[in-house]
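Work through the exercises below with the sequence and the model open. Each task is followed by a solution in steps.

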Amino acid sequence: MALNSKIPAGKLSEKWTNYKATQNLVSPANKRKMEVIVVGTGLAGAAAAASLGELGFNVKVFCIQDSPRRAHSIAAQGGINAAKNYPNDGDSVFRLFQDTIKGGDFRAREANVYRLSEVSNLIIDQCVAQGVPFAREYSGLLDNRSFGGALVSRTFYARGQTGQQLLLGAYGALSKEIHKGSVQMFTRREMLDLVLVDGRARGIITRNLLTGEIEKHAAHCVIVATGGYGNVYFLSTNAMASNGSAVWQCFKRGAFFANPCFVQIHPTCIPVHGDYQSKLTLMSESLRNDGRIWVPKRKEDAEKLRKKLLRPADLQENDRDYYLERRYPAYGNLTPRDVASRAAKERCDAGYGVGERGLAVYLDFASAIRRLGKEIIAARYGNLFQMYEKITDENPYQTPMMIYPAIHYTMGGLWVDYELQTTIPGLFAAGEANFSDHGANRLGASALMQGLADGYFVLPYTVQNYLADQIEVGHISTESVEFESAAQKVKERINKLLSCKGSHVVDYFHKKLGMTMWNDVGMSRNKAGLERAIADINALKTEFWNSVKVGGKSEGMNTELEKALRVADFLELGELMAIDALHRKESCGGHFREESQTTEGEALRRDDAFMYVAAYECKETKDNHADYVLHKEALAFEDVEVKMRNYASVED
Ligand SMILES: Cc1cc2nc3c(=O)[nH]c(=O)nc-3n(C[C@H](O)[C@H](O)[C@H](O)COP(=O)(O)OP(=O)(O)OC[C@H]3O[C@@H](n4cnc5c(N)ncnc54)[C@H](O)[C@@H]3O)c2cc1C
């Protein structure tokens, strides 16, 4: 099957305008007869459901939590990008587009990224109108700060709680529609399969997480906005309930999965502190506006700091290595995440790391506090400092934070065309669940922008365009063989897990998978490690299905069963990530292949061989195994010059 990205003709800056001017519309009377399923109530899903409800469609929206407000999006701290250019520092739609393409290491589709930059400004207007309390300057204008990979300040924020405030805005819009009756909300439901009728997405199978009931829901189309799959690594900054199951089920039903190995490792997280930890905590990238990152220049000092024979404040300026400022003077502490993460790992691997395990670097606010005063720093980052102190029992106003990279975000996801439609007609994917805009590395503060762009400003047009030729289909019933067999399949899977009666709990397998993923499919990858990972994951998969122990019953609440279903999918998804990483014999963005680096140890892209999106198709083989077939979407760059990324100088 040839991939058709459906990029509209015309100049880059006119494509979206032209699309909207010529797309097909559905009349108000027909909208009332059409149903749309939205899975997920994070920023992408809540925005899509609210907007489609407002347009007049009948929307059914689903989430795992007991309230849409508890989606993982609520955790987002630092901010959301937009090209408003309020600080008058040279920003523009084109510059945001260019930074995003470059930040993604030239592995994203130009047309989608340009549209994202274009609608970014509308998002801010929309959210302000909803009452989102963005930070303001003394003059009353919305304030901005800087994030990595940009030389301008374009990040709008609400202290360190931007995701929470944006989600409350989207939740308000959603609640209005629920109250009106255009949106029906299904909380505590987990999508466990996608239903296709005559090759089109027509519904989903869910498990009611309170009663255990397997339910069938039909619609004219389905939007999956179920977030990212970073928890495949067990330890990540993602919410505990974040999972890859919905996208994985779509993949198994025929939707292609794009760039599974493109994972973001965030440089500023609180380091792992023990073997029984189940979650990692992010310290927002916004802190790199004022915090300076360093390690000691001498290994002896690092050793003493690790043994607590020295305190960081004991080291004079001359004895400190501000390695980001040294290696990347133009961007300094605001280099993109992939670059900053690798640089931290390089220093720690070389023996300069601090903290008990030597796996930490300092993020120091002393000079910012001297320059600006404690009050200003507290106003900017107070809640983050408080969170850090609660977790580590150290006061970051007095001593530098210790940070280390951790898994944070997945750029890979369901392959979508310009309309955000997958390879299954009628199945759309939005937010972190799709692969669309960030290439091999996402810039900070661009995930919230993308989720809200997809939900508020793209899907309302493209879904309508799809539904325009579906108006004669009529009501879709769940009383069909397709729905029945999908529900049956889900029940059989659940029974299989419950009947294993093995000896290891689900977390045992999840931790093992996470360890393999982190060691061999993590920040730095090589052929031998990836081959080992594929073999190890395969063995672990077999062990899981033979010896997992899932207590309880299928009826009623069973959190262990929920976990087991998710980990079963993570095991398969982890394997595909390793397969993809093995095939991509280049370094790009977050994907660092040790075999492909410059003499200075920087990532070496191979545009001649790998300038494409890797999209996998799942084919069942005769012996019931899955076969993953690779398809390639070639990437063409007409409006930006393709170059090796350079954050050391501004001459690029
Ligand atoms: C700690 C942290 C801080 C961050 N800070 C920022 C930031 O400052 N700026 C920025 O741009 N980005 C940030 N990000 C990234 C950003 O928060 C996420 O990428 C974004 O919120 C994802 O939104 P989403 O709507 O795609 O998915 P999510 O918010 O993850 O929502 C997923 C939804 O899908 C539902 N769901 C999942 N699976 C199923 C299923 N099988 N069945 C039914 N429902 C399901 C969930 O219940 C939930 O409602 C941060 C991420 C983290 C981890």
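Two strands pair if DSSP finds at least two bridges between them. Helices (H or I, at least four residues) and strands (E, at least two) are DSSP runs, numbered from the N terminus. This is a predicted model, in which local features need pLDDT of at least 70 and side-chain atom pairs count only at pLDDT 80 or more, while totals for chains, interfaces and linings use all residues. Residues are numbered from 1 along each chain as its sequence is written, and side-chain values use heavy atoms, with hydrogens and water left out.

**Exercise 1. Find how strand E1 is joined to E2, and how many residues of E2 are buried.**

Step 1. Strand E1 covers residues 35–39, and five bridges join it to E2 in a parallel run.
Step 2. Within this pair, Ile-37 stands opposite Lys-60 in E2.
Step 3. Buried means under 20% relative accessible area, exposed over 50%, and partly exposed in between (1.4 Å probe, protein chains only).
Step 4. Strand E2 (residues 58–62) has four of its five residues buried, so by this definition the strand is mostly covered.

**Exercise 2. Give the order of the open sheet that contains E10, and name its edge strands.**

Step 1. The sheet has four strands in the order E16-E10-E18-E19, with antiparallel pairing.
Step 2. Its edge strands are E16 (413–414) and E19 (626–634), each of which pairs on one side only.
Step 3. Two bridges join E10 to E18 (residues 612–620), and Phe-257 stands opposite Tyr-616 in E18.
Step 4. As background, strands of a sheet pair through backbone hydrogen bonds, either parallel or antiparallel.

**Exercise 3. Compare the settings of Lys-6 and Asn-259: where does each lie, and is each buried or partly exposed?**

Step 1. Lys-6 is not a glycine, yet its phi is positive, at about 55°.
Step 2. Lys-6 lies in the segment before helix H1 (15–22) and is partly exposed, with a relative accessible area of 35%.
Step 3. Asn-259 is also a residue other than glycine with a positive phi, near 45°.
Step 4. Asn-259 sits in the loop between strand E10 (257–258) and strand E11 (263–269), and at 2% relative accessibility it counts as buried.

**Exercise 4. Check the length of helix H17, then find what caps its N-terminal end.**

Step 1. The expected span of a helix is 1.5 Å times one less than its number of residues.
Step 2. For the 25 residues of H17 (residues 559–583) this gives 36 Å, which agrees with the 36 Å between its end C-alpha atoms.
Step 3. The cap is Asn-558, with a side-chain oxygen 3.2 Å from the backbone nitrogen of Glu-560.
Step 4. Because 21 of the 25 residues are buried, H17 is largely enclosed by the rest of the structure.

**Exercise 5. Describe the surroundings of the ligand: how many residues surround it, and which element gives the most to the shell?**

Step 1. The ligand is surrounded by 37 residues (a heavy atom within 4 Å). The closest are Gln-65, Ser-73, Gly-78, Met-191 and Glu-432.
Step 2. An oxygen atom of the ligand is 3.0 Å from a polar backbone atom of Ile-64, and a backbone N or O atom of Ser-446 lies 3.4 Å from a ligand oxygen.
Step 3. The protein covers 97% of the 1000 Å² of accessible area that the ligand has on its own (Shrake-Rupley method, 1.4 Å probe).
Step 4. Elements giving two or more residues to the shell include helix H3 (43–55) and helix H13 (447–467). E6 gives the most, with three residues.

Notes
A polar contact is a pair of N or O atoms within 3.5 Å; within protein, one must be able to donate a hydrogen and the other to accept it, and residues adjacent in sequence count only if both atoms are side-chain atoms.
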